[in-house]
Amino acid sequence: MSCVAIIPARGGSKRIPRKNLKPFDGVPMIVRSIRTALDSGLFDRVVVSTDDEEIARVARAHGADVPFLRPAALADDFTGTSAVITHALGQLPMFDYACCVYATAPLLQTRYLRLGFDLLEQHPDKSFAFSISGFGFPVQRALTLDERGALTPLYPEFRNTRSQDLPEAFQDAGQFYWGRSAAWLRGEVLYSTASLPVILPRYLVQDIDTLEDWKRAEYLYAALKAGGELQ
């Protein structure tokens, strides 16, 4: 089976400017994802989809392919991941599987990439497999702030329900999405019964959108590195 990793990395991130090139443990953030994808041994090619010449240069210098520059229309604040992957597949030879690996996933482990591939290969009736993690507390007991700044329950019907009596909920871990190339190209929906879960422990998950996220990711990474748990 042929496999390609596609790493989306646009140049115009807003909340953390130049996020994909910001140094993380001594190298540009995107390099972490490139190295993990290459080290996994799963991929025939590791391709970076970017609109940015500097990101392209860094990606090539660290072993990734950048065979095209993404058009500006697919590098704005509103373009979704699926559109980027579909575009990339249209520029490449046909692969059986395509895995979207996020550029800002420094906690990504090769063992979970392998698990995602194995799951999808073992279930020919499924289209995708991607990383998820449980929430640290039941989402049904979430709070919100009203227009006066007062706390209100987001789900009042669960106000008095014990947390242990509520079903566990999961979040997208924001690390990778394995998919059959044909499913990507058909525009199938990721969040559906056609997808399989790769469940990660919460200490390996930190989506990075804000500076606070970045700082927490650095703390987690340092702890994992010190404990020899980065694989």
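Let me start with a salt bridge. In this predicted model, R18 pairs with E54, and their closest N and O atoms are 2.9 Å apart. R18 sits in the loop between β1 (3–8) and β2 (23–24), while E54 belongs to helix α2 (residues 53–61), so the bridge ties together parts that are 36 residues apart in sequence. How covered are the two partners? R18 has a relative accessible area of 31%, which makes it partly exposed. E54 comes to 37% and is partly exposed as well.

Next, a second pair. The side chains of R32 and D25 also form a salt bridge, at 3.3 Å from N to O. Is R32 buried or exposed? R32 is buried, because its relative accessible area is 14% and the cut-off for buried is under 20%. Its partner D25 has 38% relative accessibility and counts as partly exposed. So this bridge joins a buried arginine to a partly exposed aspartate.

The third pair is inside one helix. E218 and K215 make a salt bridge with the closest N and O atoms 3.4 Å apart. Both residues lie in helix α6 (residues 211–226), three residues apart, which means about one helical turn separates them. E218 is partly exposed at 28% relative accessibility, and K215 is partly exposed too, at 40%.

There is also a network. Which residues does it link? R10, K14 and D77 are joined there by salt bridges. For the chain, the count of salt bridges is 15.

Staying with charge, the chain carries 25 positive and 27 negative charges. If you take the mean position of the positive charges and the mean position of the negative ones, those two points are 3 Å apart.

Now a residue of another kind, F158. Where is F158 found? Look in the loop between β8 (151–153) and β9 (170–180). F158 is partly exposed, with 26% relative accessible area. Leaving aside residues up to four places away in sequence, F158 touches Q140, R141 and L166. For a sense of distance, take A56: F158 and A56 are 102 residues apart in sequence, and their C-alpha atoms are 49 Å apart in space.

That brings me to the chain as a whole. Its secondary structure consists of six helices and 10 strands. The radius of gyration is 19 Å, close to the 17 Å given by the globule rule for 231 residues, so the chain is as compact as a globular protein of that length. Along the principal axes, the C-alpha atoms fill a box of roughly 55 × 40 × 40 Å.

How much of the chain is buried? Of the 231 residues, 47% are buried. As for the surface, the accessible area of the chain is about 11,600 Å², and carbon and sulfur atoms account for 53% of that.

One last item, on contacts. Consider contacts between residues at least 6 apart in sequence: 73% of these join residues at least 24 apart. The R18 and E54 bridge from the start links parts 36 residues apart in sequence, if you want a pair to look for in the structure above. For a pair inside a single helix, look at E218 and K215 in α6. That is the end of my part.

Conventions
Residues are numbered from 1 along each chain as its sequence is written. This is a predicted model: local features need pLDDT of at least 70, side-chain atom pairs count only at pLDDT 80 or more; totals for chains, interfaces and linings use all residues. Side-chain values use heavy atoms; hydrogens and water are left out. Helices (H or I, at least four residues) and strands (E, at least two) are DSSP runs, numbered from the N terminus. Buried means under 20% relative accessible area, exposed over 50%, partly exposed in between (1.4 Å probe, protein chains only). Contact means heavy atoms within 4.5 Å. The radius of gyration is taken over C-alpha atoms; the globule rule is 2.2 Å times the number of residues to the power 0.38. Accessible areas come from the Shrake-Rupley method with a 1.4 Å probe; for residues, only the protein chains shown count as cover. Lys and Arg count as positive and Asp and Glu as negative; His and the chain ends are not counted. The place of a charge is taken as NZ of Lys, CZ of Arg, CG of Asp or CD of Glu. A salt bridge is a side-chain nitrogen of Lys or Arg within 4 Å of a carboxyl oxygen of Asp or Glu.
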